[in-house]
Amino acid sequence: MDIMDGGGTVELYITNSKDKHESCLNLKKLKLNNTIGELKQKLELLTGQMSSNMTISLYNRNHDLVSHLSDNSMLLGQYPVENEMTLFVEGNYLTDGLESSETKYVLPEEKYKEHKENLKNFMMKQKEERLRREALLKENNEEKDKCLEENILKDIEVGKRCKINDSDVRFGTVMFVGETKFSSGVWVGVKLDEPFGKNNGTVKDVKYFECEENYGMFVKPGRLTIGDFPVLDPFDELDEI
């Protein structure tokens with residue numbers, strides 16, 4: 001093959017498998033005017049094998065050895081290469097010996113225990129700090145809620161009309177304001193205009209106010225709006241007979 005006219009290429013299979021012709025085959029287009037030394041540099045990137053001690057053997061399509069490409073100064077085209085021949089690459093891998101050459105540091109047992117104890121103490125302090133912050137945040141939120149509730153309670157008095165701000169708006173009359181035995185904090189007992197409540201003013205055998213069954217409801221102050229709301233008449237929406 002004439003390469004003196006400025007170059008040319010050849011397509012060769014590249015393998016570094018011990019089974020030269022069955023696996024790990026890569027068909028690559030190579031320049032004929034590359035030296036064997038330059039070819040080894042490229043094959044190092046492809047196979048991961050060191051170019052410094054790499055050996056390359058050329059096999060024909062019948063898997064017969066044609067030549068060893070041993071002269072780094074010779075051009076690839078100076079060897080009897082033809083398309084679809086195989087280059088078999090041998091040599092040490094770049095990663096060979098790295099693991100064995102590493103110097104591993106083993107922490108002495110006493111130092112390990114000391115380190116472990118320090119880490120344990122650090123984690124405990126981190127946890128304590130996190131719990132302290134959470135408690136402080138909870139306390140601040142409770143204080144804000146308390147102040148907000150106190151401001152709302154200024155307008156809530158027994159006998160006033162109210163609106164319960166829920167998914168379904170309900171209207172009623174305030175019947176009770178204060179603390180209860182069924183839950184902590186201040187609650188407002190409301191007698192609803194319609195039977196959409198949960199009790200008759202009595203919860204767990206404790207009477208807070210009186211109303212008909214299912215007309216009573218207890219809500220937190222923040223859910224109420226006090227206003228001059230008219231009493232709903234369930235018959236207002238019925239057509240005249």
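## A quick look around helix α3 and some loops

Leu-119 sits in helix α3, which covers residues 109–153. Keep in mind that this is a predicted model. Besides that helix, we'll stop at His-63, Glu-84 and Tyr-93, which are found in loops.

**A greasy spot on the surface**
- Leu-119 teams up with Phe-122 and Met-123 to make a nonpolar surface patch of about 310 Å².
- Leu-119 has 44% relative accessibility, so it counts as partly exposed.

**Two residues with a positive phi**
- Here's the background: most residues other than glycine have a negative phi.
- His-63 has a phi near 70°, a positive value, and it isn't glycine.
- You'll find His-63 in the loop that links β3 (55–59) and β4 (65–68).
- With a relative accessible area of 44%, His-63 is partly exposed.
- Glu-84 isn't glycine either, and its phi is positive too, near 70°.
- Look for Glu-84 in the loop between β4 and β5, where β5 spans 85–90.
- Glu-84 is also partly exposed, because its relative accessible area is 42%, and the partly exposed range runs between 20% and 50%.

**Tyr-93 and its neighbours**
- Tyr-93 belongs to the loop between β5 and α2 (98–101).
- Its relative accessibility is 32%, so Tyr-93 counts as partly exposed.
- Leaving out residues up to four places away in sequence, Tyr-93 touches Asn-16, Thr-47, Gly-48, Gln-49 and Met-50.
- Tyr-93 and Glu-44 are 49 residues apart along the sequence, yet their C-alpha atoms are 8.7 Å apart in space.

Key: Residues are numbered from 1 along each chain as its sequence is written. This is a predicted model: local features need pLDDT of at least 70, side-chain atom pairs count only at pLDDT 80 or more; totals for chains, interfaces and linings use all residues. Side-chain values use heavy atoms; hydrogens and water are left out. Helices (H or I, at least four residues) and strands (E, at least two) are DSSP runs, numbered from the N terminus. Buried means under 20% relative accessible area, exposed over 50%, partly exposed in between (1.4 Å probe, protein chains only). Patches are made of residues with over 30% relative accessible area and no salt bridge: like charges are joined within 9 Å, nonpolar side chains (Val, Leu, Ile, Met, Phe, Trp, Tyr) within 5 Å. Accessible areas come from the Shrake-Rupley method with a 1.4 Å probe; for residues, only the protein chains shown count as cover. A salt bridge is a side-chain nitrogen of Lys or Arg within 4 Å of a carboxyl oxygen of Asp or Glu. Contact means heavy atoms within 4.5 Å.
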